[in-house]
Every structure is written in structure tokens, then in C-alpha cells.
Amino acid sequence: MNLLEDYGYKSDKILEKVIFTWKVLFEGKKSERIYFEADENSAYILDEAHNVVRSSAMGAGLLICVQMDKKEFFDRLWKWMRTNMYISEGIHKGYFAWSCSTDGEKLSDDIRPDAEQFAATALLFASHRWGNGKGIFNYEKEALSLLHNMLHSKHPLFNKENYLIRNQPDSDYSNPSFCMPHYYELYAMFADIKDAEFWNKAAGAGREYIVRSCNKKTGLSSEQTLYDGTPLSAKERGTFFSMSYRVISNIGLFTTWFGDSPDFAEIASHIVSFFDGKKIEDFMDYEVNGTPRKRKARHPVALCATIAQASLTLERCREPVSDKVKKQAKRAVKRFWETPLRKGKSRLYDNSLYFAALLSLSGLYKVY
């Protein structure tokens, strides 16, 4: 589904914007790109605001490369990530260090479970799109090893009792943005057959957890919650903040790939309604009930992009949505279309989500 085309945007202009965005972020000026080569065989995605490399950004970069059919870029990123970020001992053995310096030194052995999921999915797609190579470029072998570790490590990423992703391997709470049921549906098909039942149950449990975590009036979710969806305190990331935006994009991807979900459609309708009429420069941080907090949104372009992705969920509904909500969805997409890439040192998160949203809305974010 090319929603942008369905909404009246010209196909040549859509493709032009996709190519332009790739060239800026991966081949453009140093002051605008996010991709940097370490040497002729490896590269990293740079968080210039902190001058570090984040595992989640690397995983997201891999996904963009496989969607854009850029194997050389993919292989450089994967070599850097697998060589420098992979943890070979300790409680996080088999996962990726969350933060490294640009010379490859691990700055933290903490992990972010979204990175492992991004990487595993990107590797599966790479295997299916390009075939497997040798060593670390045997994409399927690397993906299956990572997925096996996520479930069967002494410190698994998933809670075996409720099938939900943990915020950290030994935590007793979760993060809605780390919950990706659209990936679990794929893992049930492509990962070890012995784990298929778990992944199927994780997909169902994940959808239910997302619904519990989203406010029934605003659709907003906090960054971290208890397993029952209750937000943690504000000091413990219990508000609608930067990571929360990805819940909206995850809902959009799920329905794009797997069809109508009435509960997700209800969340999406609340999202586009809540933000309808708001200018991007007026986006704030919020309590999940919609009460604005004191500070402006740190990543307004990212938020704008994911709100637009909510429209994908609404267009996949079997039951037609109201004309009012349709108009709100189209305005959300228009706001995104007219928003440029972010400039400056804090551009990484905004522009990564921007590109992912553009690919999704263009019908170019596909399962391979």
C-alpha cells in the first residue's frame, strides 16, 4: 500500500523524496549525514550530539539499508556492529553493547533490546533478499543465533511467563517501544521451528500489552511501564517521551504487514485526533493523559513522522473510519510531507524515524 499515492501525492515526487533522503543521510555532507565509514570495509551510524555509536541506531540503519537494497552499506554497518558492539562474555553475552566510541571501544555493557530485534530482523531480510555469505555475512545463521540467545540465554530478553519483552534481561517491567509483534510474527515463520509457538504467543501477548499501555483517550503511551501497562513514575520514564513515538510506527508497520487490528485502529484514531491542528514547533512532552509537561518535544520531526504512520493503521481497517478521522489522518500525512529533515547535531533520531516513516508511507517498507 502506497498511502502517499493514495492520498494524492505524485509517484515521481514520492520516489524523488525517498532517493533524496537516502542521499542526504547516507551519502551527503558530513554535517547532514548519519552514516560514516570507519574504513573501506566498515561503517557506523553516528549520534553526533553525544559523539557515540548506539546499538539501536545501528540496527535501524541495517533495516533501512536492506529496504533500500544497499548491500555494501549494510555489510559495512554489520561488520562494525558485529566486530565492536558484540558482547562475548558476562551476563549480556551474545547481545550488543548499547554505546561505543567511534573507534569501537565499548562505553557501556548495558543493552537496549530494540537493537537485537532490529538486527535480527534486518539479517533475516538480508538473507532472503541477497542470500548468505560466509562468516559473519551468513546472515541467516547470525540472525538465528541472535534469536536463540534472546530466548534461551541465561539472561533472556523475554519473560517466559507472559511472553513480553523485558526492558533489560533481568528487569520486571517493559518498554512499549521495545514490543514489536510484527517482528514476532515473522520470527514464528523464519526462526527455529522449536520456538515458533513461543513467537506466536509473544505476538499475541505483545499486541495486548501495547493496547494496555496506550491511554484510552489520547492513544499515548509512556516509555516504560509495568507489564499490565501502568506507566512508571515520571522519573522512571513513565511519560510520553522520545522512545514512545516508536509505538505509533510499530502499530503502523504491524497493520501494513498483517492487516486490520481494531484495537490498533482505535489507538491510531486517538493519536491523529490528539495531534490534529498542532504545529510541529508546538509539540511537547506529555503525560499519557495528554497533559503537556514543561518542555518541548526533544525530537519533534520524529514525532511528526510517526503520527503520520498512524494513518496506515486507519487505512487498513475493515470497518470504515469516520470522515473526521480520515481528514485528521490526511492532515497528519500532509504535515509530515511538508516537514524537512532535521539539521544539527541532534538529527539522528529524528531523521532515522523520518526515513522509516517515508518508506512505510511509500509502500517501500517490505517483508523479505
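Which residues of the largest nonpolar core touch the most other members? In this predicted model, the core holds 130 residues, and those that touch the most other members are Phe 26, Phe 74, Tyr 184, Trp 199, Phe 275 and Phe 355. In soluble globular proteins, nonpolar side chains tend to be buried together. The surroundings of one of these core residues, Phe 355, were examined further. When residues up to four places away in sequence are not counted, Phe 355 touches Val 18, Thr 21, Trp 22, Leu 25 and Phe 26, along with Ile 64 and Met 68. Phe 26, itself listed among the core residues that touch the most other members, is thus one of the contacts of Phe 355.

Two helix pairs were then considered. Helix 3, residues 55–67, packs with helix 4, residues 71–85, at an angle of about 155 degrees, and their axes are 9 Å apart. Because angles over 145 degrees count as roughly antiparallel, helix 3 is roughly antiparallel to helix 4. The crossing of this pair, helix 3 and helix 4, is left-handed. On the side of helix 3, the contact is made by Ser 55, Met 58, Gly 59, Gly 61, Leu 62, Cys 65 and Val 66. Helix 4 contributes Phe 73, Phe 74, Leu 77, Trp 78, Trp 80, Met 81 and Met 85. By class, the residues of the contact between helix 3 and helix 4 comprise eleven nonpolar, three polar and no charged. Phe 74, which belongs to this contact, is also listed among the core residues that touch the most other members.

The second pair consists of helix 9, residues 245–258, and helix 13, residues 347–361, which pack at an angle of about 15 degrees with their axes 11 Å apart. Because angles under 35 degrees count as roughly parallel, helix 9 and helix 13 are roughly parallel to each other. Helix 9 and helix 13 also have a left-handed crossing. Tyr 245, Arg 246 and Leu 253 of helix 9 meet Tyr 349, Leu 353 and Ser 360 of helix 13. The residues of this contact divide into four nonpolar, one polar and one charged.

Arg 295 lies in strand 7, which spans residues 292–296. Its relative accessibility is 40%, so Arg 295 counts as partly exposed. Outside its neighbours within four places in sequence, Arg 295 is in contact with Phe 241, Met 284 and Asp 285. For one of these partners, Met 284, the separation from Arg 295 is eleven residues in sequence and 6.1 Å in space, C-alpha to C-alpha.

Terms used
Residues are numbered from 1 along each chain as its sequence is written. This is a predicted model: local features need pLDDT of at least 70, side-chain atom pairs count only at pLDDT 80 or more; totals for chains, interfaces and linings use all residues. Side-chain values use heavy atoms; hydrogens and water are left out. Axes are lines fitted to C-alpha atoms, for helices over the stretch in contact, and angles run from 0 to 180 degrees between N-to-C directions. Helices (H or I, at least four residues) and strands (E, at least two) are DSSP runs, numbered from the N terminus. Angles under 35 degrees count as roughly parallel, over 145 as roughly antiparallel, 65 to 115 as roughly perpendicular and the rest as oblique. A crossing is left-handed if the near helix is turned anticlockwise from the far one by less than a right angle, and right-handed if clockwise. Contact means heavy atoms within 4.5 Å. Ala, Val, Leu, Ile, Met, Phe, Trp, Tyr, Cys and Pro count as nonpolar, Asp, Glu, Lys and Arg as charged, and the others, Gly among them, as polar. A nonpolar core is a set of buried Ala, Val, Leu, Ile, Met, Phe, Trp, Tyr and Cys residues joined through side-chain atoms within 4.5 Å. Buried means under 20% relative accessible area, exposed over 50%, partly exposed in between (1.4 Å probe, protein chains only).
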